[in-house]
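Trainee: Please choose one part of this protein and take me through it closely. I would like to see what surrounds it, too.

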Amino acid sequence: QVQLEESGGGLVQAGGSLRLSCAASGGTFRATAMGWFRQAPGKEREFVATLYWNTGATLIASSLKGRFAISRDDAKNSVYLQMNSLEPEDTAVYHCAVQRAGMPRYDVWGQGTQVTVSS
C-alpha cells in the first residue's frame, strides 16, 4: 500500500526558508500528479502546489508564486516544496498527496508536517 511521509517542517523566523520533503513508499505506482496542501488552525485545507508527473509541469497557488516552488526526484520517489520569504500566515500543517493514475483526484495523503513561522 502506498504511503507518503513528509519531513522538513519546523519553527522558522519570518523571512526564512524551509524545504519540505515527501517520500513515497510501499509499492510501485504511476502518478498523475503529486502536490502539497496546507491547513492552518481553524481554516480549511488549501492548495499550495502540484507537479504533473508525465510532463513535469508545475502549478503554484497564485498567492504563493514567487516564494514557493515544487520539484521532484524520480530516483527517490520524492517531491519537495521549497518555501522562501516565509510569513507568519504560512503557519500550517503541510500535507503531501498523490493522485495515482486512473484516479479522479488526490487519493493518498501523508500525515503532514508542521510549519510554524514566528514574527
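Mentor: We will go over the whole chain briefly, then one strand, then the residues around it.

Two ground rules come before anything else. This is a predicted model, where local features need pLDDT of at least 70, side-chain atom pairs count only at pLDDT 80 or more, and totals for chains, interfaces and linings use all residues. Residues are numbered from 1 along each chain as its sequence is written, and side-chain values use heavy atoms, with hydrogens and water left out.

Now the overall picture. The protein has 11 strands and zero helices. Both kinds of element are DSSP runs, numbered from the N terminus: helices are H or I runs of at least four residues, strands are E runs of at least two. The C-alpha atoms fill a box of roughly 40 × 25 × 25 Å along the principal axes. The radius of gyration is 14 Å, which agrees with the value near 14 Å for a compact globule of 119 residues. That radius is taken over C-alpha atoms, and the globule rule is 2.2 Å times the number of residues to the power 0.38. Of the 119 residues, 42% are buried. Buried means under 20% relative accessible area, exposed means over 50%, and partly exposed lies in between, with a 1.4 Å probe and protein chains only. A contact means heavy atoms within 4.5 Å. Among contacts with a separation of 6 or more, 52% link residues 24 or more positions apart.

Our chosen part is strand β8, residues 78-83. This strand is mostly covered: five of its six residues are buried.

Look at its partners. Two strands pair if DSSP finds at least two bridges between them. Strand β3 (residues 18-25) pairs with β8 in the antiparallel sense, over six bridges. Here Cys 22 has Val 79 of β8 as its bridge partner. Strand β7 (residues 68-73) also runs antiparallel to β8, again joined by six bridges. In that pairing, Phe 68 is matched with Met 83 of β8.

Next, the turn before β8. β7 and β8 make a hairpin with four residues between them. Asn 77 sits in this loop. Its phi is positive, near 50°, in a residue other than glycine. Asn 77 counts as partly exposed because its relative accessibility is 39%.

Now go inside. A nonpolar core is a set of buried Ala, Val, Leu, Ile, Met, Phe, Trp, Tyr and Cys residues joined through side-chain atoms within 4.5 Å. The largest one has 31 residues. Met 34, Trp 36, Phe 68, Leu 81, Met 83 and Tyr 94 touch the most other members. The elements giving two or more residues to this core are β3, β4 (31-39), β5 (46-52), β7, β8, β9 (92-100) and β11 (113-118).

Take Leu 81 as an example. Leaving out residues up to four places away in sequence, Leu 81 touches Leu 18, Arg 19, Leu 20, Trp 36, Val 48, Ala 49, Phe 68, Ala 69 and Tyr 94.

Follow the chain out of β8. The loop between β8 and β9 holds Ser 85. Ser 85 has a positive phi of about 50° although it is not a glycine. At 41% relative accessibility, Ser 85 is therefore partly exposed.

Asp 90 is in the loop between β8 and β9 as well. Its relative accessibility is 1%, so Asp 90 counts as buried. Beyond its neighbours within four places in sequence, Asp 90 contacts Arg 38, Leu 64, Arg 67, Phe 68, Ser 85, Val 115 and Val 117.

Thr 91 lies in that loop too. A polar atom of its side chain is 2.9 Å from the backbone nitrogen of Val 117. Apart from neighbours within four places in sequence, Thr 91 contacts Ala 40, Gln 114, Val 115, Thr 116 and Val 117.

One last stop is strand β9, where we find Cys 96. Cys 96 is buried, because its relative accessible area is 0%. Setting aside neighbours within four places in sequence, its contacts include Cys 22, Met 34, Trp 36 and Val 79. Recall that Val 79 is the β8 bridge partner of Cys 22. That brings us back to β8.

Conventions
Polar contact = N/O pair within 3.5 Å; in protein donor to acceptor, adjacent residues only side chain to side chain.
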